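Student: Could you take me through one part of this model, the sheet and what surrounds it? I would enjoy a close, connected look.

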Amino acid sequence: MEGETFLWLIRHAPVDGVAGTIHANDAPADLGDRAQLEALRQCLPPDAASYASQARRTVETARALGLAPQQMAEFGEQDFGDWTGRRHDELAGSGGEAYARFWRDPARGRPPGGESFENQVARVRLGLARIDAGSATLVVHSGTIRAALCIALDLTPQAALRFVIDPLSLTRVDRLATGWRVVSVNQRIS
């Protein structure tokens with residue numbers, strides 16, 4: 001791929017659902033923070049390509065930002081398999097050894113029927129390779145943004161999981177001819 005790519009990575013709006021739940025793809029976005037959405041919209045590059053995962057919350061957030069995103073499975077959140085739709089406190093109480101084992105090594109741990117964060121990093125790498133040079137806005141998940149930072153900074157997946165990525169925050173990463181550049185992480189635009 002030739003040329004430089006400038007990525008505006010936005011974590012979707014909060015999920016309109018029960019906090020502490022591992023949400024499924026059909027969980028809706030809470031788009032009530034219109035001021036934050038407008039502030040983000042104002043700072044996005046005009047005429048940039050736009051992408052989102054296939055999750056309802058990312059697509060709804062992208063549309064609220066005035067984007068018509070191409071949906072890409074590669075940018076989906078980590079697949080938590082059998083734990084999807086369940087609450088973390090419930091799993092901690094009844095998830096048994098599998099849940100405890102997962103949190104001892106969350107980068108390599110794989111929920112039953114799901115994928116590891118290492119798997120997600122590999123998937124996101126494939127998605128990023130599909131983005132052409134120029135500016136692109138990606139409305140995605142916290143795990144997707146952590147995976148992009150893992151790639152850009154050549155971090156271990158364990159280290160990348162240390163990043164905090166808040167809803168409706170902006171992370172800026174550039175893919176240059178000579179490597180990657182991180183401009184900002186978890187920026188709150190106001």
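Tutor: Gladly, and one cut-off will help before we start: a residue is called buried when its relative accessible area is under 20%. Please keep in mind throughout that this is a predicted model.

Let's begin with the sheet itself. Six strands form an open sheet in the order S3-S2-S4-S1-S5-S6, and the pairing is mixed. Its edges are strand S3 (70-71) and strand S6 (179-187), each of which pairs on one side only.

Take the S3 edge to start with. Strand S2, residues 49-52, runs parallel to S3, and two bridges join them. One residue pair to look for here is Tyr51 with its bridge partner in S3, Gln70. Helix H2 (residues 56-64) packs on the sheet, where it touches S2, S3 and strand S4 (134-140). The direction of H2 makes about 130° with that of S4.

Now cross to the S6 edge. S5 and S6 run antiparallel and are joined by six bridges. The connection between them is a hairpin through two residues. Here, Arg175 has Trp180 in S6 as its bridge partner.

Ser169 is a good place to pause. This residue lies in the loop between helix H7 (157-160) and strand S5 (170-176). Is Ser169 buried or exposed? Its relative accessibility is 1%, so Ser169 counts as buried, given that the cut-off is under 20%. Its side chain has a polar contact, at 3.0 Å, with the side chain of Asn186. Leaving aside residues up to four places away in sequence, Ser169 touches Leu9, Ile10, Arg11, Asn186 and Gln187. Asn186 therefore appears both as a residue that Ser169 touches and as its side-chain polar partner, in the setting of a residue that is buried at 1% relative accessibility.

Finally, let's turn to a pair of helices. Helix H5 (residues 117-129) and helix H6 (residues 142-152) have axes that come within 9 Å and cross at roughly 75°. That crossing makes H5 roughly perpendicular to H6. On the H5 side, the residues that meet H6 are Phe117, Gln120, Val121, Val124, Arg125 and Leu128. On the H6 side, they are Gly143, Thr144, Arg146, Ala147, Ala148, Cys150 and Ile151. Sorted by character, the residues of this contact of H5 with H6 comprise eight nonpolar, three polar and two charged.

Definitions and conventions. Residues are numbered from 1 along each chain as its sequence is written. This is a predicted model: local features need pLDDT of at least 70, side-chain atom pairs count only at pLDDT 80 or more; totals for chains, interfaces and linings use all residues. Side-chain values use heavy atoms; hydrogens and water are left out. Two strands pair if DSSP finds at least two bridges between them. Helices (H or I, at least four residues) and strands (E, at least two) are DSSP runs, numbered from the N terminus. Contact means heavy atoms within 4.5 Å. Axes are lines fitted to C-alpha atoms, for helices over the stretch in contact, and angles run from 0 to 180 degrees between N-to-C directions. Angles under 35 degrees count as roughly parallel, over 145 as roughly antiparallel, 65 to 115 as roughly perpendicular and the rest as oblique. Ala, Val, Leu, Ile, Met, Phe, Trp, Tyr, Cys and Pro count as nonpolar, Asp, Glu, Lys and Arg as charged, and the others, Gly among them, as polar. Buried means under 20% relative accessible area, exposed over 50%, partly exposed in between (1.4 Å probe, protein chains only). A polar contact is a pair of N or O atoms within 3.5 Å; within protein, one must be able to donate a hydrogen and the other to accept it, and residues adjacent in sequence count only if both atoms are side-chain atoms.
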